[in-house]
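Please read the following report alongside the sequence and the coordinates, which are shown just below.

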Amino acid sequence: MTRKTATLRFLPSGTRVTVPRGSRLLEAAVEAGAAPPMPCGGAGICGKCRLRLIQGVCPPSDACRANLTPAELDAGWRL
């Protein structure tokens, strides 16, 4: 059986939120009260609303590939 939700934990606060799989990280962060500063309103064009994936899988979006280096992507950074 495939899990239809994912539980995310935001550090350093440790706040957890359960969201439907496929949800945007930014939406989950806002729901958890852990949203980073978003100068471009979360459009993914400034590269400043970065989150680091420590466990699990989140394929990089086109905006991630355009704004982050290959080393940052490999380290789990996402917009």
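The report treats the pocket, the first helix and the salt bridges of what is a predicted model.

## The largest pocket

The largest pocket has a volume of about 1200 Å³. Its lining comprises 38 residues, and those closest to the centre of the pocket are Leu8, Leu25, Leu53, Gln55 and Cys58. Two or more lining residues come from each of strand S1 (5-10), strand S2 (15-20), helix H1 (25-32), strand S3 (51-52) and helix H2 (62-67), and among these elements S1 gives the most, with six residues.

In chemical terms, the lining of the largest pocket divides into 21 nonpolar residues, nine polar residues and eight charged residues.

## Helix H1 and its buried side

Within H1, the residues Leu25, Leu26, Ala28, Ala29 and Ala32 are buried. These residues lie on the same side of H1, because the arc that they cover around the axis is only 160 degrees. The cover over the buried residues of H1 includes S1, S2 and S3, together with strand S4 (77-78).

Leu25 therefore appears in two parts of this picture, as it is one of the residues closest to the centre of the largest pocket and is also one of the buried residues of H1. After H1 comes Gly33, which has a positive phi, near 75 degrees.

## Salt bridges

How many salt bridges does a search of the whole structure find? The search finds two. Side chains of opposite charge can pair when their charged atoms come close.

One salt bridge joins the side chains of Glu72 and Arg50, with an N to O distance of 2.7 Å. Because Glu72 lies in helix H3 (residues 70-74) whereas Arg50 lies in the loop between H1 and S3, this pair ties together parts that are 22 residues apart in sequence. Both partners count as partly exposed, Glu72 at 23% relative accessibility and Arg50 with a relative accessible area of 31%.

Another salt bridge is formed by Arg65 with Asp62, whose closest N and O atoms are 2.9 Å apart. Here the two residues belong to helix H2 and are three residues apart, so that about one helical turn separates Arg65 from Asp62. Arg65 is partly exposed, at 46% relative accessibility, while Asp62, with a relative accessible area of 61%, is exposed.

Terms used
Residues are numbered from 1 along each chain as its sequence is written. This is a predicted model: local features need pLDDT of at least 70, side-chain atom pairs count only at pLDDT 80 or more; totals for chains, interfaces and linings use all residues. Side-chain values use heavy atoms; hydrogens and water are left out. On a 1 Å grid over the protein atoms alone, a cavity is a set of points where a 1.4 Å probe fits but cannot get out, and a pocket is an open set with protein on both sides within 12 Å along at least five of seven lines; lining residues have an atom within 4 Å of a point. Grid points are joined across faces, edges and corners, and a volume is the space filled by probe spheres set on the points. Helices (H or I, at least four residues) and strands (E, at least two) are DSSP runs, numbered from the N terminus. Ala, Val, Leu, Ile, Met, Phe, Trp, Tyr, Cys and Pro count as nonpolar, Asp, Glu, Lys and Arg as charged, and the others, Gly among them, as polar. A salt bridge is a side-chain nitrogen of Lys or Arg within 4 Å of a carboxyl oxygen of Asp or Glu. Buried means under 20% relative accessible area, exposed over 50%, partly exposed in between (1.4 Å probe, protein chains only). The arc is that of the directions from the helix axis to the C-beta atoms. Contact means heavy atoms within 4.5 Å.
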